2 protein chains.
Amino acid sequence: MKPYLSIQEAAASTGLSPDTLRYYERIGLIGAVPRGPGGQRRYVPDDMAWLAFLLRLRSTGMPVRQMQEFAELRRQGEATAGARREMLERHLEGVRRNIRQLEETAAVLACKVEHYRQLEASSIQPKAKGASHGKVRSDAKRALRQRPGKAAGD
Amino acid sequence: MKPYLSIQEAAASTGLSPDTLRYYERIGLIGAVPRGPGGQRRYVPDDMAWLAFLLRLRSTGMPVRQMQEFAELRRQGEATAGARREMLERHLEGVRRNIRQLEETAAVLACKVEHYRQLEASSIQPKAKGASHGKVRSDAKRALRQRPGKAAGD
DNA sequence: CCTTGACCTGGAGTGCGCTCCAGCTTTTAG
DNA sequence: CTAAAAGCTGGAGCGCACTCCAGGTCAAGG
C-alpha cells in the first residue's frame, strides 16, 4: 500500500528513535531522505535497507566516524565499490579478532565461575573428610593474603 | 626483588594509564592500594591480579557501574561469593549472546563483501558473454533505484 | 643542597553517541 | 473548523569512561 514509512514507523521498525534517525541524517549517515509536501520524511525501502546495514555495522562496533566515511563513499557511486569492499573487509577482520578475544576471555571467566563453585562447595560443607584435601589449594591461597580483610583474587 | 610496582609500572603492565588507575581507585573499583611512606601507591601482586580480572570484565563489555557492584561485594568478603558467582554467570550469559550475535552479523557482512566482489568482477569485465547472465541480478536491482544518483543497497 | 622528574589531590574538560527541548508548522481525527 | 498529535529545525544537555590540569609534595641523582 503505502510505499514509504513515517519517521515514527521507521523508528519502530529499526529500533532507533525518531531523534536518532534525524541525527543520523544530520551527520550524513543517511543522505537526504525524501520528504512529503509538508516537509516530513518519507522513508522508502531503500532507506530502510541502508539503515539495516548501518545497524549491522554499528552492532559490530564500527564507530560513527567510519560509518560516515562509508556513507560518503556510497554517495560517490559505484566507482567507490572497491574502497567500500576493502573497508568492510578490514572491519570484518577486526570483528573476527574481537570475537576470538571475547571467546578467550569468556573461557577465563567461565573458569572463574567454576572456581567460585568449588569455593562455595567447600565452604558450605566444610567438614567433608576425603574430598577436602583436593580443595585445600584455594584455602591455602586465601591464607597468603597480605592485608587483612582482603581476599586474594576472588 | 621489589614486591610492588609503582603506578607507572602498574600502568605499563596493565595497559591502563596512571590516571585511569587512580580513577579506578577513586570510584571504588580497586580499594585502598597500599602506599609508601611518601604516600605513593604500591601495587602488590594481589592488586595486579584484581586489575587483570577487572580488565577481563571490561573487555567483555561490563559497564563500570556493574564492576563497582562486583568490587563492593568482593570487599564484603567471602559471604558474598555466591552473589558474585551469580553476577558473573549472568554477565557470561550476556557475553555469549553477544558473541553469537556478532557471529551472525559478521556472516551477513561477509556475504555483503562477496556481493561487492561479484559486482566488481562484472563491472571490470562488463563484456563477459556467458557469465554475464548470472550477474544481471545486481544490475537489475540497480535499475530500480528511485532517486537518481543513489545506489540501492550497496 | 638543589634540581628534576615522578606522584599526589581535587576538580575541570573531552569525545562519543545519542537525547531532550523550545518554538514553530503540518497533518489528522472528530 | 478546531484541537490534538506528529513533525520540523537548531541547539543545548547528558551519561559514560576516561583524560587533563593546576598547584603542591616527595624522591633520587649529581
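How far from a phosphate oxygen of DNA strand C does a polar side-chain atom of Arg58(A) lie? The distance is 2.9 Å, and the first close-up starts there. This is a predicted model, in which local features need pLDDT of at least 70, side-chain atom pairs count only at pLDDT 80 or more, and totals for chains, interfaces and linings use all residues. Residues are numbered from 1 along each chain as its sequence is written, chains are lettered from A and ligands numbered from 1 in the order in which they are written, and side-chain values use heavy atoms, with hydrogens and water left out.

**View 1. Protein atoms meet the phosphates of DNA strand C.** Look for Arg58(A), whose polar side-chain atom is 2.9 Å from a phosphate oxygen of the strand. From chain B, Ser6(B) also brings a polar side-chain atom to 3.2 Å from a phosphate oxygen of DNA strand C. Val64(A) uses its backbone instead: an N or O atom there lies 3.4 Å from a phosphate oxygen of this strand. Each pair fits the definition of a polar contact (N or O atoms within 3.5 Å; within protein, one must be able to donate a hydrogen and the other to accept it, and residues adjacent in sequence count only if both atoms are side-chain atoms).

**View 2. The protein surface around DNA strand C.** Here 21 residues surround the strand, and among those that come nearest are Tyr24(A), Gln40(A) and Arg41(B). A residue is near a strand if one of its heavy atoms lies within 4 Å of it. Sugar and phosphate make up 79% of the strand C atoms that come within 4 Å of the protein. H2(A) gives the most to this surface, with 5 residues. Helices here are DSSP runs of H or I with at least four residues, numbered from the N terminus; strands are runs of E with at least two. The surface has 6 nonpolar, 8 polar and 7 charged residues. In this sorting, Ala, Val, Leu, Ile, Met, Phe, Trp, Tyr, Cys and Pro are nonpolar, Asp, Glu, Lys and Arg are charged, and the others, Gly among them, are polar.

**View 3. The surroundings of DNA strand D.** Of the 19 residues around this strand, Arg22(A), Arg41(A), Asp19(B), Tyr24(B) and Arg58(B) come nearest. A polar side-chain atom of Arg22(A) sits 2.6 Å from a phosphate oxygen of DNA strand D, and for Arg35(A) the distance is 3.2 Å. Val64(B) offers a backbone N or O atom, 3.3 Å from a phosphate oxygen of the strand. H2(B) gives the most to this surface, with 5 residues.

**View 4. Where chain B and chain A touch.** The contact (heavy atoms within 4.5 Å) takes 49 residues from chain B and 48 residues from chain A. About 4,500 Å² is buried between them, 62% of it from carbon and sulfur atoms; buried area is the accessible area (1.4 Å probe) that two parts lose on being put together, summed over both. The interface holds 4 salt bridges, each a side-chain nitrogen of Lys or Arg within 4 Å of a carboxyl oxygen of Asp or Glu. One of them joins Arg85(B) to Glu120(A), with the closest N and O atoms 2.4 Å apart. On the chain B side, H5(B) gives the most, with 26 residues.
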